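Open the model in your viewer and keep the selection box handy. The stops below follow strand pairing first, then helices.

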Amino acid sequence: MKIFTLPDVGEGLTEADVANWMVKAGDTVTVNQVIAEIETAKSLVEIPSPWAGVVHELYADVGDTVNVGDNFIAINVTATGEDDDEEAPQAPLVGTGPKADTPGRRRRRGRAKTAAPAEFDTPVVNEPEPQPAAQPVKSDLFVKVLAKPPVRKLAKDHGLDLTTIAPTGQHGEVTRSDVNAVLEASPPATTSAPSTTTGESETIRVSGVRKATAKAVTDSYTSAPHISVFRQVDATRTMEYLETLKKHPRFENVRVSPLLVLAMAVSQAALQTPQANATWHGDTYSLHHYVNLGLAAATKRGLIVPNIKNAHQMNQLQMAQAIQELTSRARDGKTQPAELSGGTITITNIGVLGLDTGTPILNPGESGIIAFGAIRQQPWVVNGQMEPRWITTLGGSFDHRIVDGVEAGAFLADVAAILEEPALLIS
């Protein structure tokens with residue numbers, strides 16, 4: 001018997017959650033057969049078997065957190081498996097890398113049933129593929145039953161076999177309601193006084209991206225003294241400028257939105273006020289004379305902040321293409337680890353959620369973040385006359401150890417100036 005420990009999946013992380021087991025004790029496996037899916041703070045990864053043989057034991061349940069190097073699965077290796085082992089030792093095994101979100105994967109606990117929008121120019125939505133109605137199945141072979149860990153626990157606590165429960169979930173998963181329906185149909189073992197509770201609570205185990213996000217924002221908020229400033233901006237010229245770009249042949253196949261102008265504006269303003277584009281080190285801090293522009297994105301797996309490297313060197317077309325590519329990868333769950341590190345300043349586009357402004361928390365290691373509110377047509381005084389104009393509100397949070405009110409005001413003023421007159425982008 002050989003014991004396979006959880007491998008390092010090449011993302012610099014020390015733990016992962018078991019998202020799905022594809023095998024159980026007694027199953028026969030072959031070399032490179034996918035035996036499990038694990039979820040790290042950055043991606044969903046398939047783990048292949050390093051040997052051929054028969055599964056002896058699984059060392060973790062779905063939903064458990066396993067450290068890299070911990071026992072993961074035990075396999076009674078066959079003679080063929082011994083040969084394969086010589087050719088493919090365990091050491092370099094790192095899984096098959098990130099994969100896109102699919103209807104068959106475990107959804108985040110406690111999240112909305114519909115996909116959260118990415119905080120770019122448009123909501124990121126993954127349309128579910130049509131699934132045939134699932135039926136309960138029983139056989140001597142292992143049956144993969146889709147269900148969230150809390151639902152599995154509920155069934156286990158009441159001695160129910162998930163394979164005997166007909167799923168009604170959107171993607172063929174067994175839901176809490178399905179389990180409760182079976183329990184209600186069974187005769188109660190004991191009777192009790194009626195409950196006065198009209199609803200139910202669900203305890204959600206924090207893991208994966210949500211766990212990483214919770215730690216990051218807590219560390220950032222408690223270590224960096226935040227200050228927030230706001231600025232209303234007349235973005236009418238920006239809206240007119242975008243209509244011009246949309247008609248240009250070079251932008252024919254490129255998504256153009258107000259976020260494009262804001263990204264260009266923040267990238268330029270960050271060079272003018274480097275205190276807003278800095279990193280605190282304790283006794284020193286670094287002023288970055290380059291811009292790796294982060295775009296906060298709310299994906300199905302949770303909040304991530306990939307960044308566009310050297311955004312300050314890009315023209316409008318390059319920036320529009322970079323935003324579009326970053327959006328596509330976030331939507332497909334294919335954001336690369338390198339895109340999640342090295343950021344210097346961040347934009348969170350809360351306007352796509354219909355919000356006017358906010359007080360965002362700094363991305364760890366950065367000294368500035370800009371919340372981009374919704375652009376709405378409002379009455380505005382222009383040269384003493386009331387006119388309908390396109391107005392937005394910028395909300396900026398800064399690390400007060402580096403950025404004082406003067407620098408925060410100057411930075412927002414530079415960003416606002418470009419939104420008010422985008423011709424400054426080419427001056």
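Start at Val29: it stands opposite Gly53 in strand S6. This is a predicted model, in which local features need pLDDT of at least 70, side-chain atom pairs count only at pLDDT 80 or more, and totals for chains, interfaces and linings use all residues. Residues are numbered from 1 along each chain as its sequence is written, and side-chain values use heavy atoms, with hydrogens and water left out.

**The sheet**

Select S6 (residues 53-58) together with S3. They run antiparallel, joined by 2 bridges. Strands here are DSSP runs of E, at least two residues, and helices are runs of H or I, at least four residues, both numbered from the N terminus. Two strands count as paired if DSSP finds at least two bridges between them.

Add S8 (residues 71-77). S6 and S8 pair in the antiparallel sense over 5 bridges. Look for Val55, which stands opposite Ile75 in S8.

Now add S1. It runs antiparallel to S8, with 4 bridges between them. Ile3 faces Ala74 of S8 here.

Zoom out to the whole sheet. It is open, has 4 strands and follows the order S1-S8-S6-S3, with antiparallel pairing. S1 (2-5) and S3 (28-29) are the edge strands, each pairing on one side only.

**Helix H7**

Select residues 316-331. H7 has 16 residues and spans 22 Å from first C-alpha to last, close to the 22 Å expected at 1.5 Å a residue. That expected span is 1.5 Å times one less than the number of residues.

At the helix start, pick Asn315. One of its side-chain oxygens reaches to within 3.2 Å of the backbone nitrogen of Leu317. Just after the helix, Gly333 takes a positive phi of about 70°.

Which residues of H7 are buried? They are Gln316, Leu317, Met319, Ala320, Ala322, Ile323, Leu326, Thr327 and Ala330. Buried means under 20% relative accessible area (1.4 Å probe, protein chains only). Their packing partners include helix H5 (236-247), helix H6 (258-272) and strand S12 (293-295).

**H6 against H8**

Two packed helices are described by the angle between their axes and the distance between the axes. Select H6 and H8 (residues 405-420): their axes come within 8 Å and cross at roughly 140°. Axes are lines fitted to C-alpha atoms over the stretch in contact, and angles run from 0 to 180 degrees between N-to-C directions.

Finish with the contacts (heavy atoms within 4.5 Å). On the H6 side, pick residues including Val261, Leu262 and Ala265; on the H8 side, Phe411 and Ile418 are among the residues met.

Note on methods:
Buried < 20%, exposed > 50% of the residue type's maximum accessible area, 1.4 Å probe, protein only. Polar contact = N/O pair within 3.5 Å; in protein donor to acceptor, adjacent residues only side chain to side chain.
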